[in-house]
Amino acid sequence: MSTYTEDSRKVTTRRLTEMKARGEKISMLTAYDYTMATLIDQAGMDVILVGDSASNVMAGNITTLPITLDQMIYHGRSVARAVKRALVIVDMPFGTCSGNPIKSLEAAIRIMQETGAEALKIEGGKEIKDDIKKIIDAGIPVMGHLGLMPQSINKFGTYTVRAKEDAEKEKLLEDAHLLQELGCFGIVLEKIPAKLAQQVAEELTIPIIGIGAGSGVDGQVLVMHDMLGINKNFSPRFLRRYADLNSIITNAVQNYISDVKSRDFPNASEQY
Ligand code: KIV
C-alpha cells in the first residue's frame, strides 16, 4: 500500500493544529461511501469530509438543501467504517443547526453516535453561535464553514465569489475570530478572495482549509467527484481535475455493452 505520508498515526483535531504550527499543508477530500473512503484513506488523505454535497453528487439534487439528517448519517457511517487514518468529519445538514441549541445538539449527538465520525462541520457564524457553543461544550469537535455557504443559496441567490465588498469582508473576519473563540478546531473558507483567506489564516491559530480561497491558507478541500473528473458539467476556476474518470468509466461501460451484444463476453474461460 502506498501513501503520501510516512506518518501512519491517526489524524486528530490536535494534529491538524500541530500541522498548521509547523507549516505542513492539510489535505482534505470528500467521500460518501465505504469503497471510495477506503481508497482515499489508503492514499494518505489527512481529512475526509462527508459533505452535504452528497445531496448533489450522490442524490442528484440541484442544491444541498434536500439531504436529510438520516441520509447524512447513512453516508457518514459508510465512510467512518472504512477509514483507519484520516480524520472523519460529517456535515450537519440544512436545518439541523439554525438557532435552537437543544435541537442542534440532539442532531449533533445522533451524527456522532450513529456514524462513528470524529467531528462535525457547520455552516454559519454569529447567527448560530449558541448552537455551536452548545455542541462544542458537549465535547463534539466542530469545524466552521464561512464564505460561500451552499445551504444559504436561497439567501445569496448565486454561487459567485463571496466577501468582495468591505461589509461582507468585515463580517467574515469577525465570524472567523468568533468561531475560534467558541472553540472550533478549524474553518473551511469557500470561494472568497485569496488575500482575505490568507489574512484569516494568518490571524487565527486554528487551521483554515480553503476551497476556491487561494494558496495562502493551511490546507485545501475539494469534492471528490469534481477532482476525479466524474462530473464534467462543473468547471469553476478553482477546480483542478486529477483524472478523467468520466471518459474512463464511459469507455469501460461501452466496451462491456458491446462485448455483451457481440457475444464476446463471457468467453469459455469466464464461465463454469
Ligand atoms: O459539502 C461539501 O462537500 C463541502 C465542501 C465543498 C467543503 O462543504
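**Notes on the predicted model: helix α2, the ligand site and a few backbone oddities**

1. Let's start with what packs over helix α2. The buried residues of α2 are covered by a set of elements that includes β1 (26-30), β2 (47-50), α4 (69-82) and α10 (224-227). Keep in mind as you read on that this is a predicted model.

2. Which residues of α2 are buried? In this helix, which runs over residues 34-42, they are A37, T38, I40 and D41. The spacing is easy to follow: an α-helix has 3.6 residues a turn, so residues three or four places apart point the same way.

3. Both ends of α2 have something to look at. At the N-terminal end, D33 acts as the cap, with a side-chain oxygen 3.1 Å from the backbone nitrogen of T35. Just after the helix, G44 has a positive phi of about 105°.

4. On to the ligand. The residues around the ligand are T30, L49, G51, D52, S53, D91, K121, H145, I211, V221 and V223. By type, that shell splits into 4 nonpolar, 4 polar and 3 charged residues.

5. Three side chains put polar atoms by ligand oxygens, and you may want to check these when you look at the pose. For S53, a polar side-chain atom is 2.5 Å from an oxygen atom of the ligand. For K121, an N or O atom of the side chain is 2.8 Å from a ligand oxygen. For D91, the distance from a polar side-chain atom to an oxygen atom of the ligand is 3.1 Å. As for cover, the ligand on its own has 260 Å² of accessible area, and the protein covers 95% of that.

6. D91 deserves its own point. This aspartate sits in strand β3 (residues 87-91). Is D91 buried or exposed? Its relative accessibility is 3%, so D91 counts as buried, given that the cut-off is under 20%.

7. What does the side chain of D91 do besides facing the ligand oxygen? One of its polar atoms lies 2.8 Å from the backbone nitrogen of D52. The side chains of D91 and K121 are also joined by a polar contact of 2.7 Å. D52 and K121 are both in the shell around the ligand too. Beyond its neighbours within four places in sequence, D91 is in contact with L49, V50, G51, D52, M72, I111 and K121.

8. Another aspartate to look at is D175, in helix α8 (residues 166-182). With a relative accessibility of 6%, D175 counts as buried. Its side chain makes a polar contact of 2.6 Å with the side chain of K171. Setting aside neighbours within four places in sequence, D175 is in contact with G125, K126 and L146. With K126, the C-alpha atoms are 5.9 Å apart in space, while the two residues are 49 apart in sequence.

9. T63 is a loop residue, placed between α3 (54-57) and α4. A polar atom of the T63 side chain lies 3.2 Å from the backbone nitrogen of L65. Leaving out neighbours within four places in sequence, T63 is in contact with S55, N56, I153 and Y159.

10. Now the backbone. Most residues other than glycine have a negative phi, and most peptide bonds are trans. Which places go against that here? A163, in the loop between α7 (153-156) and α8, has a positive phi near 55°. A163 also counts as buried, because its relative accessibility is 3%. K191, in the loop between β6 (186-190) and α9 (194-203), has a positive phi near 50°.

11. There is a cis peptide bond as well. The bond from F265 to P266 is cis, with omega near -5°. P266 belongs to the segment after α11 (245-261).

12. Last, the overall layout. The chain is divided into domain 1 (13-241) and domain 2 (245-272). Their C-alpha centres lie 39 Å apart.

Definitions and conventions: Residues numbered from 1 in each chain as written. Predicted model: local features only at pLDDT ≥ 70, side-chain atom pairs only at ≥ 80, totals over all residues. Heavy atoms only, no water. Near = heavy atom within 4 Å. Polar contact = N/O pair within 3.5 Å; in protein donor to acceptor, adjacent residues only side chain to side chain. Areas by Shrake-Rupley, 256 points an atom, 1.4 Å probe, with all protein chains shown as cover. Nonpolar A, V, L, I, M, F, W, Y, C, P; charged D, E, K, R; others polar. Domains from an automatic or database assignment. Buried < 20%, exposed > 50% of the residue type's maximum accessible area, 1.4 Å probe, protein only. Helix = DSSP H or I, 4+ residues; strand = E, 2+ residues; numbered from the N terminus. Contact = heavy atoms within 4.5 Å.
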